[in-house]
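Reader: Got a minute to walk me through this one? I'd like the packing, then the pockets.

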Amino acid sequence: MTAVTAVASPPRVRIGGFSLRERGTGATVLIAAVATAFAVVLLSATAFLSASISATPHVGESRTFAVVSGILTSLLVGVAVYVASIVTANTFATVVAGRVRQIALLRLLGSTARSQRRDVARLGLVAGIVGAVAGLVGGTVLSFAGVWVLENAYGIAAPGLELIRPVLLVPAAVVALTTWAGAWAGSRRVLRVTPMAALGQAVEASTQELSRSHGRTVAALVLGASGVGLLALGVVVGLSSPYGVLIAFPGGLLSFTALALGAHLVMPPVLRLIGRLFGRSAVARLAAENALRHPERSSRMAIALVMGVALVMMFAVAGTSAIGVLVASAGGEAPPEMTAGFTGFTTVMMALVAVCGVIAAIGVVDQLALGVHQRRREFALLRALGLSSRQVRLVVLLEAVHLVLASLVVGIVLGTAYGWAGAQAVLGSVKLTPDAAATLVWPVIPPIPLIVVIAATVVVALVATVVPTRIATRTSPVAALAQD
């Protein structure tokens, strides 16, 4: 079992040829639990603040706060579910890639590809339900604990607050359904497995096979061009109206979806550049080539971390760039209360979207361990050819570092672009002085959030290699080469 699977050990349930104790499924349960708990805590926090504001003298019911907080909560929950669904799809794609031979054997025995894909999807649904129920309970417990601390330690009252409400079932149901959808999307390779594959070994799609996926490439290019176009249009419209953000926001979603779909085209060049930083030793070259040999596998591991880094950097850059826009429109100095408000808001938002980073980190840790487990024969062959256990562990470590550094670079670039575009689309038309013109400024990258993101990514890299390095050398070369 991987480290993540050990944290969330699901019951022994078998669906078709797959088990809920399958490697990687435990991470799916944990991800569904984290996403659901995050949604429950957000909804409870919004209800607490609304009740507290309503009880404040001379304030009463704040409809504006209710609307704004409802929109922000929906967006944050939606982003968390989006990240979780992509991580889930990638996890199940890795699981299926490692079981190609078993799937093909079942095909030889009369099973159909569609029935096996339905089994994978049902497994995802069961994992999603288990995780959603656990997250619902955990999030409710955390909400009660948080309210108790606020009321007893800080004296903040929220009369009439109900923490157990039917509305909390909505995010749990959404998470369960998106986990099912992620499993269904991740299992699409089942349809391409032929009975003849039972005679070979389970392998990932090669660069040549991916280059023939014209439909996927065309879809990624179309979505990417549409997304970038909408982002640019949102910035232009933002120079005259704050509603430019309504154009830029879907542009961001489309462009990142294009990146997730076409990651096998984007990540290999970045991985190749990163690989040159580690020298020309045999171990370093082997690690670099392993990261590039199966671009789909590398891209699956990297894209979730790219998303987590991009989200945190997006809000960090959006906050500092927004202050830059206000300073420029004010002729050199923005009102202190306005800059303080933006700083506080972006800090809170970065803390909230950090949960998405946690979801992404879980996916990276589990997928790396899962991938190494499926490649035990490969590592056994390296040891049989003369590499020591220490060198094999170093190969795994350098592979992980390649992926994490590439994810960090791409995530920072994307987060900077999205944050700057969002700030311009919202505030580009603001005029703090009568003679101010439309404002266009360069993106501003805050150093402290950047350092925190880099440090957190380094920690993820270190944690992600603990279990895989043990898996790579735990089995003797003879025993690993004898396995199917």
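Author: Sure. This is a predicted model. Its largest nonpolar core has 70 residues. V83, F256, L259, I359, V410 and L414 touch the most other members.

Reader: Which helix gives the most to this core?

Author: Helix α12, residues 295–329. It gives 15 residues.

Reader: Take I359. What is it in contact with, leaving aside its neighbours within four places in sequence?

Author: I31, V34, A35, A80, V83, A84 and V87.

Reader: And the second core, how many residues?

Author: Eight, and it is separate. V96, I103, A113 and V190 are among them.

Reader: Switching to pockets. What volume does the largest one have?

Author: About 1300 Å³. The lining takes 38 residues. L75, V245, F249, M314 and F315 lie nearest the centre.

Reader: Which elements give two or more residues to that lining?

Author: α3 (63–97), α9 (245–261), α12, α13 (336–374) and α15 (389–427).

Reader: Where does the largest share come from?

Author: From α3, with nine residues.

Reader: Now α11. What does it reach from its first C-alpha to its last?

Author: 16 Å, over twelve residues, 282–293. That is close to the 16 Å expected at 1.5 Å a residue.

Reader: Which of its residues are buried?

Author: In α11, V283, A284, A287, A288, N290, A291 and L292 are buried.

Reader: What happens at the start of α11?

Author: A side-chain oxygen of S281 comes to within 3.2 Å of the backbone nitrogen of A284. A284 is also one of the buried residues in α11.

Technical notes. Residues numbered from 1 in each chain as written. Predicted model: local features only at pLDDT ≥ 70, side-chain atom pairs only at ≥ 80, totals over all residues. Heavy atoms only, no water. Core = buried A, V, L, I, M, F, W, Y, C linked by side-chain atoms within 4.5 Å. Buried < 20%, exposed > 50% of the residue type's maximum accessible area, 1.4 Å probe, protein only. Helix = DSSP H or I, 4+ residues; strand = E, 2+ residues; numbered from the N terminus. Contact = heavy atoms within 4.5 Å. Expected span 1.5 Å × (residues − 1). Polar contact = N/O pair within 3.5 Å; in protein donor to acceptor, adjacent residues only side chain to side chain. 1 Å grid on protein atoms, 1.4 Å probe; cavity = no way out; pocket = protein on both sides within 12 Å on 5 of 7 lines; lining within 4 Å. Points joined across faces, edges and corners; volume = space filled by probe spheres on them.
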